[in-house]
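This report walks through one protein chain, from its helices and strands to its cores, charged pairs and backbone exceptions. Keep the structure in view while reading.

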Amino acid sequence: MRALKALWKLCRGLWHVLLGMWTIYVRFPQLSAEQRDMRVQAWSLQFLALWNIHLQVKGQPVTNGPALMVSNHISWLDISVIHAARYCRFVSKSDVRDWPLVGMLATGAGTLYIERTNRKDALRMVKDMADAMRNGDVVAVFPEGTTSDGRQLLPFHANLIQSALQAEAPVQPLSLRFIDAQTGETTFAPCYIGDDTLLGSIWRTLTAPAITAVVHFGELQWAQGRDRRTWAHDLQAEVARLRDA
């Protein structure tokens with residue numbers, strides 16, 4: 001019975017993805033930037049609901065850009081969860097652009113892509129992020145650079161924090177945590193780390209008991225004379241505090 005329910009949720013999720021692609025290619029050209037942002041947020045909320053994932057938001061997301069949001073990184077679900085709580089433009093590794101279905105949705109949602117192994121491309125991305133923030137966008141990054149199980153945060157890379165310094169923009173730290181909706185204990189079903197495969201992680205998520213995705217927004221921070229490395233260290237500590245609060 002659990003497997004049948006999971007298959008039903010999977011089919012509904014795939015249909016929702018196809019509807020999202022149709023919206024991007026047919027409806028988005030007719031909409032304003034604000035309307036597109038609202039559609040992305042609504043689509044993300046509906047996607048979570050279809051897969052029996054409840055969203056719990058703590059704190060207040062930044063109202064307007066320019067701003068940079070930084071978060072811990074646990075799962076392939078993280079982007080949808082954050083989009084459901086507050087639309088933003090994500091920075092993602094370039095190969096996501098070529099993923100079937102997912103890449104099309106990510107590009108339509110305004111994702112900025114970076115070649116992580118190319119130092120020159122990192123410099124370009126810092127400039128592009130700063131330009132986006134100067135234009136009033138809220139940009140989001142995962143400074144750990146990869147996923148972890150959420151129990152221990154990996155060191156925050158400071159390179160992309162430079163964009164906030166260049167744009168003279170504040171940074172909003174936020175934490176992500178997935179919990180079992182019945183017990184309130186942390187669940188690792190959506191994790192996508194180590195030897196996990198994407199399909200395996202998706203199937204664990206679909207067959208798990210109801211999940212609550214907790215997004216905890218912290219207070220805006222300004223550089224106040226800190227360099228990017230010091231700021232990245234302080235942001236990591238704040239994200240860890242938010243996760244445990």
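Helices here are DSSP runs of at least four residues, numbered from the N terminus. The model is predicted.

**Helix H5**

Asp-128 and Arg-124 both sit in helix H5, four residues apart, about one turn of the helix. The two form a salt bridge, and their closest N and O atoms are 2.5 Å apart. Asp-128 is partly exposed, with a relative accessible area of 28%. Arg-124 is partly exposed too, at 33%.

H5 covers residues 119-134, 16 residues in total. From its first C-alpha to its last it reaches 23 Å, close to the 22 Å expected at 1.5 Å a residue. Its buried residues are Asp-121, Ala-122, Met-125, Val-126, Met-129, Ala-130, Ala-132 and Met-133.

What do the buried residues of H5 pack against? Four strands take part: E2 (67-71), E3 (89-93), E4 (112-114) and E5 (138-141). Helix H6 (162-167) takes part as well. After H5 comes Gly-136, with a positive phi near 95°.

**Strand E5 and its partners**

Side chains in a regular strand alternate between the two faces of the sheet. In E5, Val-138 and Ala-140 point one way, while Val-139 and Val-141 point the other way. All of these are buried.

E5 pairs with E2 in the parallel sense, over four bridges. Within that pairing, Val-70 has Val-141 as its bridge partner. E3 and E5 also run parallel, joined by two bridges. Here Arg-89 stands opposite Val-139.

**Helix H2**

H2 spans residues 33-50. It has 18 residues and reaches 26 Å from its first C-alpha to its last, close to the 26 Å expected at 1.5 Å a residue. Which residues of H2 are buried? They are Val-40, Trp-43, Ser-44, Phe-47, Leu-48 and Leu-50. They lie on the same side of H2 because they cover an arc of only 160° around the axis.

The face turned away from this buried side carries the exposed residues Glu-34, Met-38 and Ala-49. The cover over the buried residues of H2 includes helix H1 (2-27), strand E1 (53-58), helix H3 (78-85) and helix H4 (102-108).

**Two nonpolar cores**

In soluble globular proteins, nonpolar side chains tend to be buried together. In this model the largest nonpolar core has 43 residues. Leu-48, Met-69, Val-81, Ile-82, Leu-176 and Val-215 touch the most other members. H2 gives the most to this core, with five residues.

Take Leu-48. Leaving aside neighbours within four places in sequence, Leu-48 contacts Ile-53, Leu-55, Leu-77, Ser-80, Val-81 and Ala-84.

A second, separate core holds 28 residues. Val-70, Met-129, Leu-153 and Leu-160 are among them. Met-129 is one of the buried residues of H5, and Val-70 is the bridge partner of Val-141 in E5.

**Charged pairs**

Side chains of opposite charge can pair when their charged atoms come close. The count of salt bridges is eight. Three of the pairs are tabulated here.

| Acid | Base | N to O distance |
|---|---|---|
| Asp-128 | Arg-124 | 2.5 Å |
| Asp-196 | Arg-204 | 3.5 Å |
| Asp-234 | Arg-226 | 3.0 Å |

Asp-196 is partly exposed, with a relative accessible area of 25%. Its partner Arg-204 is partly exposed at 31%. Asp-234 also counts as partly exposed, at 30% relative accessibility. Elsewhere, Lys-127, Asp-131 and Arg-134 are linked in a network of salt bridges.

**Backbone exceptions**

Most residues other than glycine have a negative phi, and most peptide bonds are trans. Where does the model depart from this?

Asn-52 has a positive phi of about 60° although it is not a glycine. Asn-52 lies in the loop between H2 and E1. It is partly exposed, at 41% relative accessibility.

Gln-224 is not a glycine either, yet has a positive phi of about 50°. Its place is in the loop between strand E7 (211-217) and helix H8 (228-244). Is Gln-224 buried or exposed? At 74% relative accessibility, Gln-224 counts as exposed.

A cis peptide bond joins Gly-65 and Pro-66, with omega about 10°. Pro-66 lies in the loop between E1 and E2.

Notes: Residues numbered from 1 in each chain as written. Predicted model: local features only at pLDDT ≥ 70, side-chain atom pairs only at ≥ 80, totals over all residues. Heavy atoms only, no water. Expected span 1.5 Å × (residues − 1). Buried < 20%, exposed > 50% of the residue type's maximum accessible area, 1.4 Å probe, protein only. Contact = heavy atoms within 4.5 Å. Pairing = 2+ DSSP bridges. Core = buried A, V, L, I, M, F, W, Y, C linked by side-chain atoms within 4.5 Å. Salt bridge = Lys/Arg side-chain N within 4 Å of Asp/Glu carboxyl O. Arc of directions from axis to C-beta.
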